[in-house]
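Biologist: I've got the sequence and the model open, and I'd like to know what stands behind the terms people use for it. Please start wherever you like.

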Amino acid sequence: MTKQRIFSGVQPSATPTIGNYIGAMKNFVALQDDYDCIYCIVDQHATTVPQDPVTLRMQTRSLAALYLAIGLDPEKSTIFIQSEVPAHSEASTIVRCNMGMGELERMTQYKDKSQKQQSVSVGLFTYPAVMVADIILYNTNVVPVGADQKQHLELTRDFVTRFNKRYGYGSSILTMPEPLIPKTGSRIMSLQTPSKKMSKSDANPKEYISMLDNAKTIRKKINSAITDSYGVVAYDPENKPGVSNLLTIFSAFTGESIDDIVKRFGGVGYGQFKRELADAIIAELEPIQERYNVLFASEELDKVPDEGTTRANQIAGETVRKMKRAVGLGR
């Protein structure tokens with residue numbers, strides 16, 4: 001039986017946070033036994049906002065090392081770098097020419113990101129169109145997405161419907177993707193401002209925990225995480241957003257249910273709760289960091305994306321050829 005195909009990617013704009021890990025990357029590993037998984041380092045997406053070229057290349061290599069360090073297996077998953085597969089640029093041109101301005105203007109992530117920039121590039125505005133191209137190129141059946149990314153997948157589904165209807169003449173040129181949204185942990189909030197999502201691009205490092213933060217830094221950030229004055233460990237996102245966020249993180253790192261964690265820390269206050277939360281995060285991240293440090297300087301880190309790029313080029317190249325024939329490009 002042929003496995004369904006999954007596509008997903010992470011930007012190498014900065015070191016991923018535990019929010020990226022819980023909401024996406026940890027799930028990547030769990031999925032690779034049951035699906036044909038294609039995981040991309042989306043470096044072209046990163047350039048929609050200003051990047052230092054040397055830093056971007058280093059972060060791309062760093063993310064490749066983290067992919068392997070968390071447990072992605074090149075024998076099970078295809079791992080590659082977006083800019084090394086030309087079909088992404090070709091397909092995104094066709095997508096943009098078959099997409100309306102209004103569709104892009106409605107994207108909430110564009111609105112959020114554009115407010116943080118002194119000047120907004122055309123690339124940032126059309127960024128969702130490139131995401132659509134990423135997904136359709138690999139005949140993707142399922143896309144693991146956080147709740148905040150669901151709008152982008154709906155845009156993809158609308159495009160696939162429109163493209164197939166306009167150019168397919170009764171047949172489906174592009175595959176219709178379905179969302180896969182984790183039941184828990186899909187949206188980890190900031191440690192200091194629990195009303196907003198944890199972000200690796202936040203100017204205040206206390207807002208997030210990086211996957212490469214050392215134990216001392218992790219403890220310090222957890223200790224300073226916003227809670228409240230009640231001293232009661234309880235899950236109530238509306239009235240206790242800070243504590244509820246920490247409970248979600250605790251559950252994600254230990255596998256315990258939030259109800260069991262609440263029972264365990266009932267009446268003991270936030271001090272012990274935070275100490276054991278920091279212990280749980282450190283216990284999981286330290287082995288990953290050790291593997292990462294070995295991989296970052298290894299030849300394997302060049303071999304894996306090379307092999308992944310070969311397969312990605314084969315799949316994406318065939319799809320973009322179909323798209324070009326459909327719209328009338330070439331001879």
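Modeller: Let's start with a pocket. H3 supplies the largest share of the lining of the second largest pocket, six residues. This is a predicted model, where local features need pLDDT of at least 70, side-chain atom pairs count only at pLDDT 80 or more, and totals for chains, interfaces and linings use all residues. Residues are numbered from 1 along each chain as its sequence is written, and side-chain values use heavy atoms, with hydrogens and water left out.

Biologist: Which helices each supply at least two residues of that second largest pocket's lining?

Modeller: Helix H3 (53-69) and helix H14 (300-327). A helix here is a DSSP run of H or I, at least four residues, numbered from the N terminus. The pocket has a volume of about 260 Å³ (the space filled by probe spheres set on grid points joined across faces, edges and corners). Of its 14 lining residues, Arg 57, Thr 60, Arg 61, Ile 81 and Glu 84 are the closest to the centre.

Biologist: What makes a spot a pocket rather than a cavity?

Modeller: On a 1 Å grid over the protein atoms alone, a cavity is a set of points where a 1.4 Å probe fits but cannot get out; a pocket is an open set with protein on both sides within 12 Å along at least five of seven lines. Lining residues have an atom within 4 Å of a point. Searching the whole structure turns up one cavity of 30 Å³ or more, and the largest cavity holds about 30 Å³ of space. Its lining is Gln 11, Pro 12, Ala 14, Thr 15, Pro 16, Gln 59, Ser 62 and Leu 63.

Biologist: How do the residues of that cavity lining divide by class?

Modeller: Four nonpolar, four polar and no charged. Nonpolar covers Ala, Val, Leu, Ile, Met, Phe, Trp, Tyr, Cys and Pro; charged covers Asp, Glu, Lys and Arg; the others, Gly among them, are polar. For the second largest pocket, the split is six nonpolar, two polar and six charged.

Biologist: On to helix packing. Why is H4 called oblique to H8?

Modeller: Helix H4 (residues 87-96) and helix H8 (residues 127-136) pack at about 120 degrees, with axes 8 Å apart. Under 35 degrees is roughly parallel, over 145 roughly antiparallel, 65 to 115 roughly perpendicular and the rest oblique, so H4 is oblique to H8. Axes are lines fitted to C-alpha atoms, for helices over the stretch in contact, with angles from 0 to 180 degrees between N-to-C directions.

Biologist: Why are H8 and H9 called roughly perpendicular?

Modeller: The axes of H8 and helix H9 (residues 150-167) come within 9 Å and cross at roughly 65 degrees. That value sits at the edge of the perpendicular range, and H8 and H9 are therefore roughly perpendicular to each other. Tyr 127, Pro 128, Met 131, Val 132, Ile 135 and Ile 136 of H8 make the contact (heavy atoms within 4.5 Å) with His 152, Leu 153, Leu 155, Thr 156, Phe 159 and Val 160 of H9. Those residues divide into 10 nonpolar, two polar and no charged.

Biologist: How far apart are the axes of H10 and H13?

Modeller: They are 9 Å apart, and helix H10 (residues 215-223) packs on helix H13 (residues 270-296) at about 145 degrees. By class, that contact has eight nonpolar, one polar and five charged residues.
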